[in-house]
Amino acid sequence: MTSELSIKWKRDDYVSIAGIIDENANFSDLTNRKTDILYIDLKDVARINSSGVRKWVNAIEMLKEVELHYINCACSVVDQLSMVPEFIGRKCTVESFDAEYACETCNNTQIFTLVVGYDIEPGLTKYLDGPEKFCQKCKNRLEFNHNPDSYLFFLSKLSKKRKK
Ligand SMILES: [Zn+2]
């Protein structure tokens with residue numbers, strides 16, 4: 001098997017990271033390529049373990065002069081954003097992230113990508129629920145399938161710089 005982590009450059013300033021971030025993760029491709037601004041797409045990150053978190057935080061520290069934008073953060077990434085403050089560097093913003101919703105009528109779950117500043121406001125002191133979403137099949141209101149208080153905690157640390 002090859003490495004389970006994949007780092008693919010879509011543009012000079014846009015990189016897509018997929019797979020598993022663990023003790024084998026190597027971000028030198030990321031940290032070697034220094035630009036002023038970097039968009040990091042985290043849609044397909046399947047899992048991050050504690051060693052992976054350390055690797056990531058180290059890589060972000062090496063990119064501390066770069067304006068980082070996290071895009072499409074997978075649920076596995078959002079958990080880390082909220083639990084590990086260093087996961088978001090000083091010059092780093094979260095543009096959008098995934099959240100899971102459940103339909104009690106259809107008994108299924110759906111993933112929505114929420115855009116910060118559009119679907120949900122950053123910088124609130126407390127988050128009691130996710131934004132309202134409706135089932136694509138039965139149109140019923142969906143339940144936010146995370147504990148909003150912990151899952152959305154990272155948003156409290158983001159500034160309200162964006163317009164509504
Ligand atoms: Zn439904």
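**Notes on the zinc site, the core and helix α3**

1. Let's start with the helix: Cys-75, Ser-76, Val-77, Val-78, Gln-80, Leu-81 and Ser-82 of α3 are buried. Keep in mind that this is a predicted model. The helix runs over residues 75-83, and 7 of its 9 residues are buried, so α3 is largely enclosed by the rest of the structure. Leu-81 also turns up among the residues with the most contacts inside the largest nonpolar core.

2. Just ahead of that helix, have a look at Asn-72, which sits in the loop between β4 (67-71) and α3. Its phi is positive, about 55°, although the residue is not a glycine. Most residues other than glycine have a negative phi. Is Asn-72 buried or exposed? With a relative accessible area of 17%, Asn-72 counts as buried, because the cut-off is under 20%.

3. Now the core. The largest nonpolar core has 51 residues, and those with the most contacts inside it are Ile-17, Phe-27, Leu-30, Trp-56, Tyr-70, Leu-81 and Phe-97. At least three residues come from each of domain 1 (1-94) and domain 2 (101-109 + 117-164). As background, nonpolar side chains in soluble globular proteins tend to be buried together.

4. Ile-17 is worth picking out from that list. Setting aside neighbours within four places in sequence, Ile-17 is in contact with Leu-5, Ser-6, Ile-7, Phe-27, Leu-30, Ile-40, Asp-41, Leu-42, Asp-44, Val-45 and Trp-56.

5. On to the metal. Which protein atoms are the donors of the zinc ion? They are the SG atoms of Cys-103, Cys-106, Cys-135 and Cys-138, lying 2.2 to 2.4 Å from the ion. The angles that the 4 donor atoms subtend run from 103 to 115°, which makes the arrangement tetrahedral. For reference, the ideal angle for four tetrahedral donors is 109.5 degrees.

6. Along the sequence, the zinc donors follow the spacing C-x2-C-x28-C-x2-C. Cys-106 lies in the loop between β6 (96-103) and β7 (108-115), while Cys-135 lies in the loop between β7 and β8 (143-144), so the pair ties together parts that are 29 residues apart in sequence. Their accessibility is worth a check too: Cys-106 is partly exposed at 27% relative accessibility, whereas Cys-135 is buried at 2%.

7. The strands around the site form an open sheet: there are 3 of them, in the order β7-β6-β8, with antiparallel pairing. The edges are taken by β7 and β8, each with a single partner strand, so one side of each has no neighbour in the sheet.

8. Zooming in on one pair, β6 and β7 are antiparallel over 8 bridges. Glu-100 stands opposite Ile-111 in β7, and Tyr-101 has Gln-110 as its bridge partner in β7. The two strands form a hairpin with 4 residues between them, and Asn-107 in the turn has a positive phi of about 65°.

9. One last backbone angle to check: Lys-139 is a residue other than glycine with a positive phi, near 70°. Lys-139 is placed in the loop between β7 and β8. At 60% relative accessibility, Lys-139 counts as exposed, whereas Asn-72 is buried.

Terms used. Residues numbered from 1 in each chain as written. Predicted model: local features only at pLDDT ≥ 70, side-chain atom pairs only at ≥ 80, totals over all residues. Heavy atoms only, no water. Core = buried A, V, L, I, M, F, W, Y, C linked by side-chain atoms within 4.5 Å. Buried < 20%, exposed > 50% of the residue type's maximum accessible area, 1.4 Å probe, protein only. Domains from an automatic or database assignment. Contact = heavy atoms within 4.5 Å. Donors = N, O, S within 2.8 Å, 3.2 Å for Na, K, Ca; no water. Tetrahedral: all angles 85-135°; square planar, octahedral: opposite > 155°, others 65-115°. Pairing = 2+ DSSP bridges.
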